[in-house]
Amino acid sequence: MTPDWHDLIQRHLAGACTQEECELLQTTLMKEEAVARLYLQYANLEVALEAQANSTQSLREILLQEPAGNSSGSTTRRFFGGNFGRWAAAALFLVFAAAAFRQFRAGREPRIAEVVESQSAQWASCSLPTEQGSLLSKGTLRLNEGIARIRFAQGAEVTLEGPSEVAVEAPNVCRLIRGSLVAHVPPAARGFTVQTPSATLIDHGTDFGVSTDSAGHASVHVMQGEVELLHANGAPPLRLTTRQMASITPEKVLPQIPFHPEPRRPETADPARIFTSEITTRTGRGEAAYVSEPRTANNQSSTVLLLKHCLEQGYGRKVLLRFDLSALPKIPDATRARLTLNLDPSGYGYASQGDDARIAVYAVTRDESDTWSADALSWSTQPAFDPSAGKVNTSEAVRVGEFTVPRGVQTGVFVVEDPRLLQQIQTDSNRLLTLILVRENPITVEGGLVLGIAGNRHPTLSPPRLSVY
Amino acid sequence: MTTRSVPPLNDQFLRLYAENEGALHAFVRSLLPTRDESSDVMQDLAVALWQGFESAREFRPWAFGVARNLVRMHLRRRARDRHVFDDQLVQRLADLAQAESEPRAAERRALECCLQKLPQAQRELVLGAYARGTRIDELAQRRGQTPMALYKILHRIRQALLECVQRTVLREQNV
């Protein structure tokens, strides 16, 4: 017996089919075009009835409305006519204001991507959900280990490799803050864009890989297809095609390099330029210490350097590091300098309390202030003193870098690589460099985490290290 | 010499979106078992299309592709729902919806006239049922009917409306 398709289709569109009916309908929709057409006609009727019942105008109808005092001309002419821009702007406003209001009322951002798959993934704290199948709005993902595949609304798929940090920006745009990803971009998602700290990659239907560090040293590797590379320096775009690679520095795109089947990551882009010179706060006259406000008397540590800035006064801590630059072998053509820190839990406060910690690094400029002794330091006698736990006296210190410790993270290696740091190292006259670390953004809730950085007496982790190459 | 300026990107987008909005909404609705869900996805779709719009690309196939992905993302959480179509069927419906977007647009235009041809009580009933916030069980209770009886009446009205719009479009084609 032939089923009553009108009835079955209507019940399917109302979500009221039985299992058997759904299966029958789906099989028939595949085989019989007349039934498929009837199904689409009913779906169309649903949408049209809803619009009629709620007096909602489609964008087309809004655009087709007659502007006051202009009653001549055909529909087509009006639609494409000179008033289009004005009506288009009004319509754009109406459509998107309505969408924004409904989303606001529903308490959600538009969903623009999805976590399709993850393998051995360990996530750091993220502003987005990370479970497989999670729908993502705009926000940041931080993958410590493993891999995760993200599908964007327009069809591009990105496989993220830990450790990596990526910001999901729009249905066809992401920003790789650090780490590596491989993108697969089907034709429909052409134009998929990956922003890195120093360059923007626009895909023209392809598979490509990109790795970057947070300072902007990156490498791009086109496996198939074509990628357009735009450097932040404004140079003309560079087109990379199948089996082409490019290396990028914060300043420029390096001359094209031949394809290599095992692309190197930016950190090891040139094996000849390994770190050739480094010292720690244990080298020579080096020192590592922290100073704390008076109310912290009981919460101290002999192995980690404590760092905190909270709204409630009296619990601030700042970290001071001294490097003996005279022990640093000279590299006349050094181009980079790095400060490396190992984080270790302090045992004070809750990691879940508060936001990401934005840490600023300052170099003390007054030579007399470099001779501090860890034992004699106090809150008010510290070099470049400022009463705020989040600041230093900038007439006695200059900023040489910054980094962010994501919310919830208490361990791991953090690196500051900055030209300002290199400049201070090269120009320091007494060859003693004092660095001060402060947490800039205060913790606004109770019980916030005290960050711990391995110091000179940590039993297993290396002390703060300065490298130049 | 006259020159023809290229319309700004906003205008191009709006014109293309306006031309395809109805077809996209009907397609999205065909893949989702409720009205509210299809409205949600349409909101996301408008934003996604606006953000990813490029004038050089053919709009309709691209927009249908984005709509498919958004529906797929939306349905992932309920993958075992019996009303969810497999990818092959979604593709088939997308192809057919794109190929026949003009007749569907004509049917939507014909609806208003067909609604006027309905007896007043039926017209008010069907528009009431589609008004935002209406629940069928509450409407049935107000009318002193069972929900099942109301569903059956609505089925008949929809079928009558569909047959009317089909006839109207056919007549327009033959004129």
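Here are some worked exercises on a predicted model with chains A and B.

**Exercise 1. Which residues have the most contacts inside the largest nonpolar core?**

Start with the core itself: it holds 99 residues. Now look for the ones with the most contacts inside it. From chain A you get Val220(A), and from chain B you get Phe27(B), Val28(B), Leu45(B), Val66(B), Ala67(B) and Leu70(B).

Next, zoom in on one of them. Leaving out residues up to four places away in sequence, Val28(B) touches Ser38(B), Val41(B), Met42(B), Leu45(B), Ala67(B) and Val71(B). There's also a second, separate core of 48 residues, and Leu305(A), Leu328(A), Ile425(A) and Ile453(A) are among its members. As background, nonpolar side chains in soluble globular proteins tend to be buried together.

**Exercise 2. Work out what chain B brings to its contact with chain A.**

Step one is the head count: 59 residues come from chain B and 57 residues from chain A.

Step two is to see which elements of chain B give two or more residues. These are H1, H2, H3, H4, H5, H6 and H8 of chain B. The largest share, twelve residues, belongs to H1(B), a helix covering 9–31.

Step three is the chemistry. Chain B's side of the contact has 26 nonpolar, 14 polar and 19 charged residues.

**Exercise 3. How do the axes of H3(A) and H8(B) cross, and which residues meet there?**

Find helix H3 of chain A at residues 33–53, and H8(B) at 147–174. Their axes come within 11 Å and cross at roughly 105°. Angles of 65 to 115 degrees count as roughly perpendicular, so that's the label for H3(A) and H8(B).

Now pick out the residues. From H3(A), Gln41(A), Tyr42(A) and Leu45(A) meet Arg158(B), Leu161(B) and Leu162(B) of H8(B). Sorted by class, this contact has four nonpolar, one polar and one charged residues.

**Exercise 4. Do the same for H3(A) and H4(B).**

Here the axes come within 10 Å and cross at roughly 75°. H3(A) and H4(B) are therefore roughly perpendicular to each other.

On the H3(A) side you'll find Ala36(A), Arg37(A) and Leu40(A). They meet Arg92(B), Leu93(B), Leu96(B) and Ala97(B) in H4(B). The class split for this contact is five nonpolar, no polar and two charged.

**Exercise 5. Which strands pair with S9(A), and in what sense?**

First locate S9(A) at residues 218–224, where five of its seven residues are buried.

One partner is S8(A), residues 207–212, which pairs with S9(A) in the antiparallel sense over six bridges. To check the register, match Thr212(A) with its bridge partner Ala218(A). S8(A) and S9(A) make a hairpin with five residues between them, and Gly216(A) in the turn has a positive phi of about 110°.

Another partner is S12(A), residues 244–248, again in the antiparallel sense, over five bridges. Here His221(A) stands opposite Met245(A).

**Exercise 6. Arg243(A) and Ala384(A) have positive phi without being glycine. Is each one buried or partly exposed?**

Take Arg243(A), with a phi of about 60°. It sits in the loop between S11 and S12 of chain A. It has 13 other C-beta atoms within 10 Å, so Arg243(A) is partly exposed.

Now take Ala384(A), with phi near 50°. Its loop runs between S18 and S19 of chain A. The cut-off for buried is 20 or more other C-beta atoms within 10 Å. Ala384(A) has 22 such neighbours, so it counts as buried.

**Exercise 7. Lay out the five-strand open sheet of chain A and say what lies across it.**

Write down the order: S14-S16-S21-S18-S19, with antiparallel pairing. S14(A) and S19(A) are the edge strands, each pairing on one side only. Ignoring direction, neighbouring strands are turned by 20° against each other on average.

Then check one pair inside the sheet. S16(A), residues 317–324, and S21(A), residues 432–439, share six bridges, and Arg322(A) has Thr434(A) as its bridge partner.

Last, add helix H7 of chain A, residues 419–427. H7(A) lies across S18, S19 and S21 of chain A, running at about 140° to S19(A).

Definitions and conventions
Residues numbered from 1 in each chain as written. Chains lettered and ligands numbered in written order. Predicted model: local features only at pLDDT ≥ 70, side-chain atom pairs only at ≥ 80, totals over all residues. Core = buried A, V, L, I, M, F, W, Y, C linked by C-beta atoms within 7 Å. Buried ≥ 20, exposed ≤ 12 C-beta atoms within 10 Å, placed from the backbone. Contact = placed C-beta atoms within 7 Å. Helix = DSSP H or I, 4+ residues; strand = E, 2+ residues; numbered from the N terminus. Nonpolar A, V, L, I, M, F, W, Y, C, P; charged D, E, K, R; others polar. Axes fitted to C-alpha atoms, helices over the stretch in contact; angles between N-to-C directions. Parallel < 35°, antiparallel > 145°, perpendicular 65-115°, else oblique. Pairing = 2+ DSSP bridges.
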